Amino acid sequence: MNAFRTLHRSILILFAVVVISIVTLVHFTASKIVAEQSRAQQQSISPAITLIIDHLLEPLHVSKTLGKAKELQNLMKNKEIDESAMFSMLERLENEFNMEFFIASESSRIQYNSDGSQLALVEGEVDWYFRYKEVPKDAIADIGQWQDPHFYIDLKIYDSKGEFLGFFGTSKSLDSFVDIFDQYKRQYGYDFIFVDQDNNIALSSDPDLIVENATFKTLESLDWYQDIDVDSLPEGSLNNLLVKTSGMDALIAEVKVDPFGWTMYLLTPLQDRQTEISRSFIISVVTLLVIIFALFMLIYHLLYYFKQDMQKNFQTDPLTRLPNRNKVELRYAEMLDKGLQVGLILIDIDHFKAVNDTHGHNAGDNVLKQIANMLNNHLRHGDVVGRWGGEEFLLLLPDTSPEQAYEVAQKLREYMSQMTASTGSASLQVTASFGVSHTDTQRPLTEVVGYADDALYQAKRDGRNIVRMQLSKSE
């Protein structure tokens, strides 16, 4: 997570440096009037792009990444919702990301909020849930909760079988946007308007245009828009138009916010002498805006690809640094998708409770880390080892027959029985029991693990430090 945030800051710094360089170039290639206007305009554009990234796109990326977490999907797919676990996770996410989160469960038909409140999703009373459930898009931005209007990012969540589980996302009070916009306008003097795909004004630096009591104002209702012959514009774009607003001339810049299907209109006020600036200056400004917008889209895509760094926190066991259950399940699904047969080995450390009871839990953690390193060091190419839970480890062996999987387990058993693990104050001989199973068909991981688990318990009954294998009747 820290790496992602550092990357985010670095990209924004690089973006600011590029913008400053462009402004400097304009200063040396244009007249004093043009240079002054260009600097003023760039001072507004850069924060506007940053505002879009920080308050619209970053919450979208965070929500999309968290929406893939198995912890979230498991909570939502249970027929009996564990509300305590649901609120605990939402509170943890709010504290970590400093955002408000919510889960709208299809199973319970209740919306759970990170502030601890909940709302019954009753058809006819809560319109958004049932309306957006039928929309083909999986990511939706909207304004709702009319007593205290909020900006919402709603993501549809599905289980591994594609069954709809409900919505997950973030919310932010419009009052907080009003404060941000007010600071922006007072500092830079520019107005901006976000409209949705229906031309409803969703967000604006003008508080009079903010939605109130479920009533949206539209772009068509604005005086300056009514004076425009939209049909005569190339592709209906308002870019590079001069309009009269609040008794002043303003230049419009149009920026598409594609992830939401929204459009942002930036209105640049022009002084009397600035209206006389040549058409070439306007073209140069528009060119500059295009370059900056291209940089913005580059940053957007970089953030999208590097968001995978965030997912590692949900897929790595913090003690051993091995893949956790979520990651193991993903790798297993990838192997089956490639049509590979898979050998599976379940490993349980013998008498591990005695290590904790005798030497303490810190010593036990040291032993687990050393065993994890040993297993990791003896993997074949393509094999996956993960921590399955407690003192159990699980190995996935792609393109491996049952006999080969059994041989691998025997070698690992020998390596482990020969190693000496240090607790920090003492050295211990450690052994483990091994259960082997296999699949060459599309079979749930839980089923294959179940056979390995049965074999593992047989190994324990037979005296431990033993490998046993159990296959399905079809193999």
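Helices and strands are taken here as DSSP runs, a helix having at least four residues and a strand at least two, and they are numbered from the N terminus. In these terms Arg464 of the predicted model belongs to the loop that lies between helix H14 and strand E18. The phi angle of Arg464 is near 70 degrees, a positive value in a residue other than glycine. Such a value deserves mention because most residues other than glycine have a negative phi. Arg464 is partly exposed, since its relative accessible area of 28% falls between the limits of 20% for buried and 50% for exposed residues.

The two elements that flank this loop also take part in a sheet and its packing. The sheet is open and consists of 5 strands in the order E13-E14-E12-E17-E18, with mixed pairing. Strand E13 (384-389) and strand E18 form the edges, each of them pairing on one side only. When direction is ignored, neighbouring strands of this sheet are turned against each other by 20 degrees on average. Within the sheet, E12 and E17 pair in the antiparallel sense over 8 bridges, and Ile349 has Ala432, in E17, as its bridge partner. Helix H13 packs on the sheet, where it touches E12, E14, E17 and E18, and its direction makes about 165 degrees with that of E17. Helix H14 (residues 445-461) likewise packs on the sheet, touching E12, E13, E14, E17 and E18, with a direction that makes about 145 degrees with that of E17.

Helix H13 can be described further through its length and its two sides. The helix comprises 17 residues (402-418), which at 1.5 Å a residue should span 24 Å, and the distance of 25 Å between its end C-alpha atoms agrees with this expectation. Buried positions in H13 are Pro402, Ala405, Val408, Ala409, Leu412, Arg413 and Met416. Seen down the helix axis, these buried residues fall within an arc of 140 degrees, and therefore they line one face of H13. The face turned away from the buried side carries the exposed residues Glu403, Lys411 and Gln418. The partners of the buried residues are strand E12 (342-349), helix H12 (361-377), strand E14 (392-398), strand E17 (432-439) and strand E18 (467-469), against which they pack.

One residue of strand E17 is Thr439, which is buried, because its relative accessible area of 0% is under the 20% limit. The side chain of Thr439 reaches the backbone oxygen of Thr441 at a distance of 2.9 Å.

A comparable analysis applies to helix H6. For its 15 residues (174-188), a span of 21 Å is expected at 1.5 Å a residue, and the end C-alpha atoms are 21 Å apart, which agrees. Leu174, Phe177, Phe181 and Tyr184 are the buried residues of H6. Viewed down the axis, they fall within an arc of 80 degrees, so they line one face of the helix. On the other side of H6, the residues Asp175, Arg186 and Gln187 are exposed. The helix is followed by Gly189, whose phi is positive, near 75 degrees.

Strands E9 (residues 242-245) and E10 run antiparallel and are joined by 4 bridges. One pair of bridge partners is formed by Thr245 and Met248, the latter in E10. The two strands make a hairpin with 2 residues between them, and in this hairpin Ser246 takes a positive phi near 55 degrees. Strand E10 is mostly covered, as 7 of its 10 residues are buried.

Glu254 is found in strand E10 (residues 248-257) and counts as buried, because its relative accessible area is 14%, which is under 20%. A polar atom of the Glu254 side chain lies 2.8 Å from the backbone nitrogen of Leu238, and the side chain of Glu254 also makes a polar contact with the side chain of Lys256, at 3.5 Å. When neighbours within four places in sequence are left aside, Glu254 is in contact with Ser237, Leu238, Asn239, Thr263, Met264 and Tyr265.

A further positive phi is that of Asn199, a residue other than glycine, for which the angle is near 70 degrees. Asn199 is located in the loop between strand E7 (191-195) and strand E8 (201-204).

Key
Residues are numbered from 1 along each chain as its sequence is written. Side-chain values use heavy atoms; hydrogens and water are left out. The expected span of a helix is 1.5 Å times one less than its number of residues. Buried means under 20% relative accessible area, exposed over 50%, partly exposed in between (1.4 Å probe, protein chains only). The arc is that of the directions from the helix axis to the C-beta atoms. Contact means heavy atoms within 4.5 Å. A polar contact is a pair of N or O atoms within 3.5 Å; within protein, one must be able to donate a hydrogen and the other to accept it, and residues adjacent in sequence count only if both atoms are side-chain atoms. Two strands pair if DSSP finds at least two bridges between them. Axes are lines fitted to C-alpha atoms, for helices over the stretch in contact, and angles run from 0 to 180 degrees between N-to-C directions.
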